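Colleague: I am new to this structure and would like a close look at one chain of it. Please go through its parts in order and connect them where you can.

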Amino acid sequence: MGNLKIGIPQALLYYEYFPLWKNFLESLGAEVIISGPTTKEILDLGVKSAISEICFPVKVFYGHVMSLKDRVDYLFIPRMVCVEKGAYFCPKFLGLPDMVKSSLSSLPPLIEPTIDIRKSATSFKNSFLAVGKLISNNSKKIYQSFYEAQKSFHLYLQSKENELNPEIININQQYSTKLLQNNMKNPLNIALLGHSYLVYDAFINLNLISKLKKTKINVLTAEMVRKQDIERKLKRLHKPIFWTLSKKIVGSAFYFLEKRIDGIIHLTSFECGEDSMIGELIRQESLKYPTVAYTEFVFDEHTGEAGIDTRTEAFLDMIIRRKRYESNHT
Amino acid sequence: MKVTIPNLGNLASIAGKSLLSNLGHEVILPPSNTKRTLDLGVRYAPEYCCLPLKIVLGNFIEALEKGADTIIMVGGWGPCRFGYYAEIQRMILKSLGYKFEMIVLEVPRGNLIRILRYVNLLRNKQSLSSLINAGEIAWSKVVAIEELEKEALRIRPRENIKGETSRILKKGLSLIDNTNSIGEIERIKQQIIDDFNKIKVKKNKELIKVKLVGEFYVALEPFVNHNIEEKLGYLGVEVERGVSIKPWITSVFSLNFLKVGYQKEKNPIEKAANPYLPQSVGGEGQPTVGNVVLASEKGFDGAIQVVPFTCMPEIVAETVNKKVSEDLDFPVLTLIFDEQTGEEGLNTRLEAFIDLLKSKKYDRHLTARRLAS
Ligand code: SF4
Ligand code: SF4
């Protein structure tokens, strides 16, 4: 079938799954075209084509779809429903392909596999195999591509986990003043937590990661926390969380709080249903750890760089002042 | 144990109360929703959470102030926020220093000991048969309330003397509230329906018919939706509700095996939604779309969708409805509600929408007449 051009918007779950999607489609011989990092034009396109009440990240997604649609034969927009027992994606992911088709016209056909492991027909594997059949009629090759893509995906996830500095992993859970003093010389450890499409989209979060790194800050993310540690921390909740993406955010927030890193910034988007609830969970938990600074940055299409810069500086200043004070008084 | 439950139209204060007091509990209902309820909720709830959470939190605060010590709330397991409401409210109330127990009714998952304790607290040492009896009475009240409200929606736009329907409805509801026998509930219902039918109506009035769809709580709680059903009635619009508490009760308590009548109706709604939204997205998202499609087929003039600001399922539905409305040439008005929603703005939008429906209807008649001649 030659080189089928399949477009993947670089937004939303791209940041969770792209190695899997891309490797799978490419090894089947498709040409994968990614919309690329978010830009001002993309954002404007998205804001213009989505209804105004929808959450900011979905608007960004719309922009990416718009920028791709005339360049590809197919758009790859899976419907992610459920990938683990007892948890879902947010309703907007459940209806994502339908929303896109309803609001945007002259789209190329969508490849929209449903991933819902509660039914075997839509398990991860079966859904992917069905997608493979659209591209190739060699079922052996489809199988192989799927397993290889999955393998490389797990390696990718693991490599992320390995990025966590062993010192942090080994920090005793007990409060230790010695550690604080040591840390004064070391760079600050700050966790950026939130949906991966906020944390890793430098345009949306106004380059927060690279700005922090420039000031010699050790930036930590949820991907660096081992899955079993996240699950263990979540056990502490009075009621389990039923959103896959939020579980990761809350579990890693609890983890970093317990490790008493220097600070946590929770990146949230205005009008996000999940964030409004888990923000409260994390905020309340953070009150139990007075040495860990906690703040929340809310992003939408109007968030200005100057505002975020000022708030970041104030946050860092506060941490440094607090640490000075504490090391002088111990 | 002094128990309380959140307000929800006439349902909680009549049927919910009946269930609990028949189980021998002292029931302390929150005061009716007022500006104060809303203000309390807004002050203490997370800023960006959806409106129902805030108002229900306000209910709980006001009920605790009145002396309640046990809160009964409904739970769930996603994918929309509702399933986590109780948990967030519990945390907030605790952090405000209130002493209370919260009983969350939901399909158990995990912590079985906690669930058993809840069940025992609720059951209050009553025998199984009195438990069933209490349940049956409450259920009959739910059925009667919904049926009378539905009838009122049909009569109100036709009434000659403004307010007649609402007056009779109110009388009926208070009679239902004060009885405790299933036979009596049935009799009151019949009598009120008869009374409705005796109301003097305007002759030959061709009415605009509108389907009311959207998020469950906002659709059913008049304080929040500024009495939208009555307003529409007085504008001469016959309203049909797209939401009902019945399927909701059965799903929350996993009573689906009861095979209550509505279930036969449920599938057509999903089926109608299918070409546009084949996936359930939690809350009323998919039914909202399905109901709009069905309403257009059944000769309604338009639909009104009520949405709490940032509501996840309804925003999916709103997006999809844009397309439905375009494809079927069927007007849908989406109304977003938050703590700032003012009555005047709402009135203006409703009137404009109804005017649009009227002129559309008029045009259709003209074309029909022209075709006929
Ligand atoms: S999780 Fe939040 S930000 Fe992501 S799609 Fe859902 S509502 Fe939007
Ligand atoms: S249906 Fe909407 S308003 Fe209701 S709880 Fe869910 S997200 Fe909130």
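Modeller: What follows is an account of chain B, from its domains and sheets to its ligand and its partner chain.

The model is predicted: local features are given only at pLDDT of at least 70 and side-chain atom pairs only at pLDDT 80 or more, while totals for chains, interfaces and linings use all residues. Residues are numbered from 1 along each chain as its sequence is written, chains are lettered from A and ligands numbered from 1 in the order in which they are written, and side-chain values use heavy atoms, with hydrogens and water left out.

Chain B is divided into domain 1 (2-126), domain 2 (128-203) and domain 3 (206-372); the bounds come from an automatic or database domain assignment.

Start with the sheet that opens the chain. Four strands in the order S2-S1-S3-S4 of chain B form an open sheet with parallel pairing. Helices and strands here are DSSP runs (helices H or I, at least four residues; strands E, at least two), numbered from the N terminus. Two strands count as paired if DSSP finds at least two bridges between them. Strand S2 (26-27) and strand S4 (101-105) of chain B are the edge strands, and each pairs on one side only. Strand S1 (residues 2-4) of chain B joins S2(B) in the parallel sense through two bridges, and Lys2(B) faces Glu26(B) of S2(B). Helix H5 (residues 112-123) of chain B lies across strand S3 (70-74) and S4 of chain B, at about 100° to S4(B). Contact here means heavy atoms within 4.5 Å. Axes are lines fitted to C-alpha atoms, for helices over the stretch in contact, and angles run from 0 to 180 degrees between N-to-C directions.

The loop between S3 and H4 of chain B holds Pro79(B). The peptide bond that leads from Gly78(B) to Pro79(B) is cis, with omega near 5°. Most peptide bonds are trans.

Next comes the pair of domain 2 and domain 3 of chain B. Their centres, taken over C-alpha atoms, are 23 Å apart. In the contact between them, 14 residues of domain 2 of chain B meet 16 residues of domain 3 of chain B. The area buried between domain 2 and domain 3 of chain B is about 1,400 Å², and carbon and sulfur atoms give 65% of it. Buried area is the accessible area (1.4 Å probe) that two parts lose on being put together, summed over both. Within domain 2 of chain B, the residues that lose the most area to domain 3 of chain B are Trp139(B), Glu146(B) and Leu153(B), together 44% of what that side buries.

Further along the chain there is another sheet. It is open, has four strands in the order S6-S5-S7-S8 of chain B, and is parallel in its pairing. Strand S6 (237-241) and strand S8 (332-337) of chain B are at the edges with a single partner strand each, so one side of each has no neighbour in the sheet. From one strand to the next the twist averages 25°. Strand S7 (residues 302-308) of chain B runs parallel to S8(B), and six bridges join them; Ile304(B) stands opposite Leu333(B) of S8(B). Helix H15 (residues 343-372) of chain B lies across strand S5 (208-214), S6, S7 and S8 of chain B, and runs at about 175° to S8(B).

Now the ligand. Ligand 2 has around it Cys50(B), Pro52(B), Cys80(B), Arg81(B), Phe82(B), Tyr85(B), Glu215(B), Pro308(B), Cys311(B), Met312(B) and Pro313(B), a residue being counted if one of its heavy atoms lies within 4 Å. Helix H4 (82-95) and helix H14 (312-328) of chain B are the elements that give two or more residues to this shell. By class the shell has nine nonpolar, no polar and two charged residues (nonpolar: Ala, Val, Leu, Ile, Met, Phe, Trp, Tyr, Cys and Pro; charged: Asp, Glu, Lys and Arg; polar: the others, Gly among them). Domain 1 (2-126) and domain 3 (206-372) of chain B each supply at least three residues to the shell.

Last is the partner chain. The contact takes 40 residues from chain B and 37 residues from chain A. Between them the chains bury about 3,500 Å², with 70% of it on carbon and sulfur atoms. On the side of chain B, Tyr48(B), Tyr84(B) and Met312(B) lose the most area to chain A, together 19% of what that side buries. Met312(B) therefore belongs to two lists, since it is also one of the residues around ligand 2.
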